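Here are a few worked exercises to try with the model open in your viewer. Have a go at each task before reading its solution.

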Amino acid sequence: MRMIMSSILLGAALTIASCSTSSDNGTSTGDASVEQGFKIGLLLPESKTTRYETFDKPYMEAKLKELCPKCEVLYQNADQDSAKQQSQAEAMLTQGVKVLILDAVDAKAAGGIVTNAQNQKVPVVAYDRLASGPVNYYVSFDNNKVGQVQGQALLDALSKDGADPKRGDIVMINGSPTDPNAADFKAGAHSVLDGKVNIGQEYDTPDWSPDKAQQEMEQAITAIGRDRVIGVYAANDGTAGGAIAAMKGGGFTTIPPVTGQDAELAAIQRLLTGDQYMTVYKAIKPEAEVAAAMAIAAATGQTYSGESTVMKNNGTKDVTSVLLTPVAVTKDNIKDTVIKDGFYTPAQICTAQFAQACTDAGIS
């Protein structure tokens, strides 16, 4: 994925194709005015994953300011607490927000937030995770595809040079059971791996916690034996870090291939040292900018008209959605992905500890 995609999204138009009041087609009855400005509520789920505070929030705030200079963004992070997020949403509604951008801690529980907002004629943009309830818009990545990309990368690594991918066992460390995206990642990975590898142990990791992932990996090593572990499907970079820590603590002299997601800086550095095999790069800037454009459109009674949309059902309705494309990153294409897109600079990656690994990878 390249910055050219981001530039296209930067120009996403808020075309007034119609001022329909039907929430079924993604439009809203919003009566806010860009000229006068209004309050926008931004609710993000947690801070254990570094992306939200480092990338999602600043990217979204910048795009919202560009589209609506007089608008005010009210921001809260729920710290992985769905009850806290509910209270934060209620406070924002009391403060008079005209639209909510919601990345739900618990997609099902967030249905109450969505319904409460809609009862007050405040539209909701589901961000990154598709909440239940009468959501107006949704933007994320093709999450099933993310799992497929992870699964295929792991299978390719296990099959390299004609090796038998069933010569040992893999461990699957999935994401949080309250995150619908985690279920999609898991399903996508299974669609590639089932029948082609031996899954020795599998876990769903509460709160996407790296500490819990480390404990799960320690349990797996005990259950199936260190010498049997030939690969790890980790659903994101945080859980990958936990799994790698467990293997290092468990006496592994060589770390087997480990997947990941989010292209966190620590993960990119682990790719360089060989501790992690791959991560999934999801260009957050385009995702955040689409969400901002959707929010302005919904609040002002316009129809979002930018990237191509699809309909995705959340159990309540078919939601007008934009699903972006994930990209696999390995040591071999760091320069052509996260560095080329400006996600990280070589200086950020190549600290003293990783200077030689960067040189070996041609990064300077």
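Is A91 buried, partly exposed or exposed, and at what relative accessibility? Some ground rules before the solution: this is a predicted model, where local features need pLDDT of at least 70, side-chain atom pairs count only at pLDDT 80 or more, and totals for chains, interfaces and linings use all residues. Residues are numbered from 1 along each chain as its sequence is written, and side-chain values use heavy atoms, with hydrogens and water left out.

**Exercise 1: placing A91**

Solution. Step one is the cut-offs: buried means under 20% relative accessible area, exposed over 50%, and partly exposed in between, with a 1.4 Å probe and protein chains only. Step two is the value: A91 has 35% relative accessibility, so A91 is partly exposed. Step three is the location: A91 belongs to helix α3, residues 82-94 (helices are DSSP runs of H or I with at least four residues, strands are E runs with at least two, and both are numbered from the N terminus). For scale, the C-alpha atoms of A91 and C350 are separated by 43 Å, with the two positions 259 residues apart along the chain.

**Exercise 2: classify two aromatic pairs**

Task: work out the geometry of F185 with W208, and of Y281 with F343.

Solution. Start with the rule: rings of Phe, Tyr and Trp (its six-membered ring) pair if their centres lie within 6.5 Å; planes under 30 degrees apart are stacked, over 60 edge-to-face, and the rest tilted. The rule gives seven aromatic pairs. For F185 and W208, the centres are 6.2 Å apart and the planes make 65°, which is edge-to-face. F185 sits in helix α6 (residues 180-193) and W208 in the loop between β7 (198-204) and α7 (210-224), so this pair ties together parts 23 residues apart in sequence. Both F185 and W208 are buried.

Next, Y281 and F343: with centres 5.2 Å apart and planes at 55°, the pair is tilted. Y281 is in strand β9 (residues 279-281) and F343 in the loop between α11 (335-339) and α12 (346-349), 62 residues apart. Y281 and F343 are both buried. They also belong to one aromatic cluster with F55, Y59 and Y344.

**Exercise 3: describe two helix packings**

Task: how do α7 and α8 cross, and how do α2 and α10 pack?

Solution. Axes are lines fitted to C-alpha atoms, for helices over the stretch in contact, and angles run from 0 to 180 degrees between N-to-C directions. The axes of α7 and helix α8 (residues 237-249) come within 7 Å and cross at roughly 45°. Under 35 degrees counts as roughly parallel, over 145 as roughly antiparallel, 65 to 115 as roughly perpendicular and the rest as oblique. That's why α7 and α8 are oblique to each other.

Now the second packing: helix α2 (residues 51-67) and helix α10 (residues 284-299) have axes 8 Å apart and an angle of about 45°. So α2 is oblique to α10.

**Exercise 4: check two backbone angles**

Task: where do D161 and W208 lie, and what is unusual-looking in the signs of their phi angles? Solution. D161 is in the loop between α5 (143-158) and β6 (169-174); its phi is positive, about 60°, although D161 is not a glycine. W208 is in the loop between β7 and α7, and has a positive phi of about 55°, again without being a glycine.
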